[in-house]
Amino acid sequence: MFHIIMKETKEFLREKTNLFFFLMFPVVLVFLLGNLLGSMDNAEEAIGSIKVQYLIETENIYHAMAVEGFISSVEDDESIIFDKATDLDSAKNMAADEAIDAVVVFQGEPLKIQIYEGRNNIKNRTVSAIMNGFIQTNKSMSAIIKTVPDVLSSGITLQDDMIKQKDLGVNRSMLDYYAVTMMTMICSMSIILGSAAFKGERQNKTVNRLIIAPKNRVTLFLAKILGMVPQTILQIVLLMVVSVLFFNAHYAGNIIDNVYLFFMFFIITLCMISIGAVIGLLIKGSPVVILMPFIWIVMFFSGSYSKEVYIKGFSDAMPIYQIQEAAFDLAVFGRYGRANIVIITSIIVMFFMLTLGAVIFSRKEGER
Amino acid sequence: MSYYISVQNLVKKYGELCAVDNLSFSVNKGEIFGLLGPNGAGKSTTLSVLTTLSDFNKGEIILNGLDIRKDKMEIKQLIGMVPQDIAVYDHLNALENVKFFASLYGLKGRQLTESAKEALEFVGLSDKQSIKPKHMSGGMKRRLNIACGIAHAPQLIVMDEPTVGVDTQSREHILNSIKVLRDRGATVIYTSHYMNEVEEICDRIAIIDKGQMVACGTKAELVSLVTDVQSVYIETKLPIDFNFEEFKKKQMVMPGMRALSLKENIIRMDITINHNHLSKMIEQFLSLGLPVININTEVPNLDTMFLTLTGHELR
């Protein structure tokens, strides 16, 4: 298995096309799209001031002091105005009538934050982000409970995510957007790597030499997939490091979220390789001809090239869109929910595809 | 007698097409066994089954006392395959290619490196270890293809047209290498379209056509199936008063002489293979005042034999 992994890595690193498409191309795209289209695709939007009413219902005096301190520090910025609510019901009604943008209730022991969101998604995100900031500075806090009244709820789009969040300490730009979408692109493109792995062996007729070797076919199949792990890690790390160090792009705000983001992309890439491997075993023609246009189209409608491309109900159904959303949620807001769903889904699909691929490869006769 | 390989009533079908139809043959240990047949005869399919690449529908294959269906892994360990297509990785150099394929047979560390280098030396590529296949000539690639199949020192080497498209020098090198492998104790199964190659290196030959065995044996045995006569052509200078009928009458009394004919200054004599009187013939020519300018002997070859047995040419 070691020799197969080494062979795969050498072949990947010595193939100029691979180096261009999987290592250099995404890095260049991040730079080009981020800088050239950034001005057209401006992420900044004037959202005006955000009016929030809050209630402190905790009996813990230290928590109450922490909340007051935090609110007064946030209020230094004139764009966010916090007022104490007289009672919850009237505050909720005001939010429903758009007199205010959200209601936040600090309650319980340990302290919990309940947010009643208003109609404006951008402002809702900002309030959420601010409360996340509070969580990170106050470890006694355990959770944010969000209540979105049905009447006020609406879809969340990529546009909402790319608001500049200067107040959270991260100066976001379009480079950050493209860093994430291009990362999603190379992960998705790994489906081509996976398909080419077995297609290449078939075209070379080296697959026959593999099949007649005294090795279990399942082991051979898994070794081929494992052989792509080093290159997978390399391409993700390279894109993250280069876009951060050379283009000043940002992923997540802290190291743990960044590691989790890396982990998510790693799992997605392995999943895509597994899908590609099965496709490479099944189809006679060139997988690149079929897969490449398909991925480009899906990426287009997922807003990978421009955040303005979003078709409600259609874009949401795209796996790439969901992956990007999960990545933004994690990178921008430090939320793990969507990332976890993506990771679990990818693992399930990967195991299914690996099993299917192993079965197909085990039953495969030599190339004639 | 126990054979190294025994194939009995082998049947392999691809859907409705019967690629191998009730084929039986045996191969002795340490011999070069040739499989001869036109395109689509079933040679490659037979090799596919023998090397465990393909399953088969009916029959039995015993290799070194092992049943190919029951003891697949043990049998795989014994086999080295040199496929018709050059099956190497373009991005790995010669040594890396050979090492990779040998590693699949459990070779490790120093033993792996030494075996790989030995295989490259054997095929005459020891000075090309660090060269990638894409920078090699066709002949060198063919030799690398062979090195990849033999580095793990297999007992049985299966070679499917290993000299296709190579220059004369490389072909000679490859054919000599195969003989050396046989002399070292390996059993070789060899297919080729080149009749002269098969004649030159194979100890025994099986003729396959339409998936069936046409004939099997040594070259002499196969030729004797269709004819036992060879033709001797003697070019001379005939005197004006030369009487061919009289000359023919005298020659026909020689043992084994079947026929005589004259065309211009060339006298053709058909004589049985077992009765070669060449020196006597020359003596008689000279005693009759006929100078011997040129002598050609035409022994029936596998081409003639193949044509006679199958009704069509090999290609």
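**Pockets, cavities and aromatic contacts**

The largest pocket encloses about 720 Å³ of space. Of the 31 residues that line this pocket, A:E15, A:N18, A:A196, A:A197 and A:G200 are the closest to its centre. The structure described here is a predicted model. Four helices of chain A each supply at least two residues of the lining of the largest pocket, namely helix 1 (2–14), helix 2 (16–36), helix 7 (174–204) and helix 12 (287–301). Helix 7 of chain A gives the largest share of that lining, with eleven residues. By class, the lining of the largest pocket is made up of 15 nonpolar, eight polar and eight charged residues.

Cavities were searched for over the whole structure, and two of 30 Å³ or more were found. The volume of the largest cavity is about 60 Å³. Residues of both chains form its lining: A:R209 and A:I212 from chain A, and B:G80, B:M81, B:F101, B:L104, B:Y105, B:C148, B:G149 and B:H152 from chain B. Two or more residues of this lining come from each of helix 8 (206–212) of chain A, strand 6 (79–82) of chain B and helix 5 (138–150) of chain B. The lining of the largest cavity divides into six nonpolar, three polar and one charged residues.

Two residues of the cavity lining, A:R209 and B:F101, also take part in a contact between a charge and a ring. The charged end of A:R209 is placed over the ring of B:F101, at 5.0 Å from the ring centre. Another arrangement of this kind lies within chain B, where B:R69 is found over the face of B:F56, 3.9 Å from the centre of the ring.

Aromatic pairs number 14 over all chains. In one of them, the ring centres of A:Y260 and A:Y336 are 4.6 Å apart and the ring planes stand at 50°; the pair is therefore tilted, as the angle is neither under 30 degrees nor over 60. A:Y260 belongs to helix 11 (residues 255–282) of chain A, and A:Y336 to the loop between helix 13 (319–333) and helix 14 (337–363) of chain A, so the pair ties together parts that are 76 residues apart in sequence. Both tyrosines count as partly exposed, A:Y260 with a relative accessible area of 21% and A:Y336 with 26%.

A further pair is formed by A:F262 and A:F266, whose ring centres are 6.2 Å apart; because the planes are at 10°, this pair is stacked. Both phenylalanines lie in helix 11 of chain A, four residues apart, or about one turn of the helix. A:F262 has a relative accessibility of 22% and is partly exposed, whereas A:F266, at 16%, is buried. The cut-off between the two classes is 20% relative accessible area, so the two residues of the pair fall on opposite sides of it. In chain B, ring pairs join B:F242, B:F244, B:F247 and B:F285 into a cluster.

The search for disulfides over all chains gave zero. Among the cysteines, B:C18 is partly exposed at 26% relative accessibility, and B:C216 is partly exposed at 35%.

Note on methods
Residues numbered from 1 in each chain as written. Chains lettered and ligands numbered in written order. Predicted model: local features only at pLDDT ≥ 70, side-chain atom pairs only at ≥ 80, totals over all residues. Heavy atoms only, no water. Disulfide = S-S within 2.5 Å. Buried < 20%, exposed > 50% of the residue type's maximum accessible area, 1.4 Å probe, protein only. Phe/Tyr/Trp six-rings, centres within 6.5 Å; stacked < 30°, edge-to-face > 60°. Lys NZ or Arg CZ within 6 Å of the ring centre and 35° of its normal. 1 Å grid on protein atoms, 1.4 Å probe; cavity = no way out; pocket = protein on both sides within 12 Å on 5 of 7 lines; lining within 4 Å. Points joined across faces, edges and corners; volume = space filled by probe spheres on them. Nonpolar A, V, L, I, M, F, W, Y, C, P; charged D, E, K, R; others polar.
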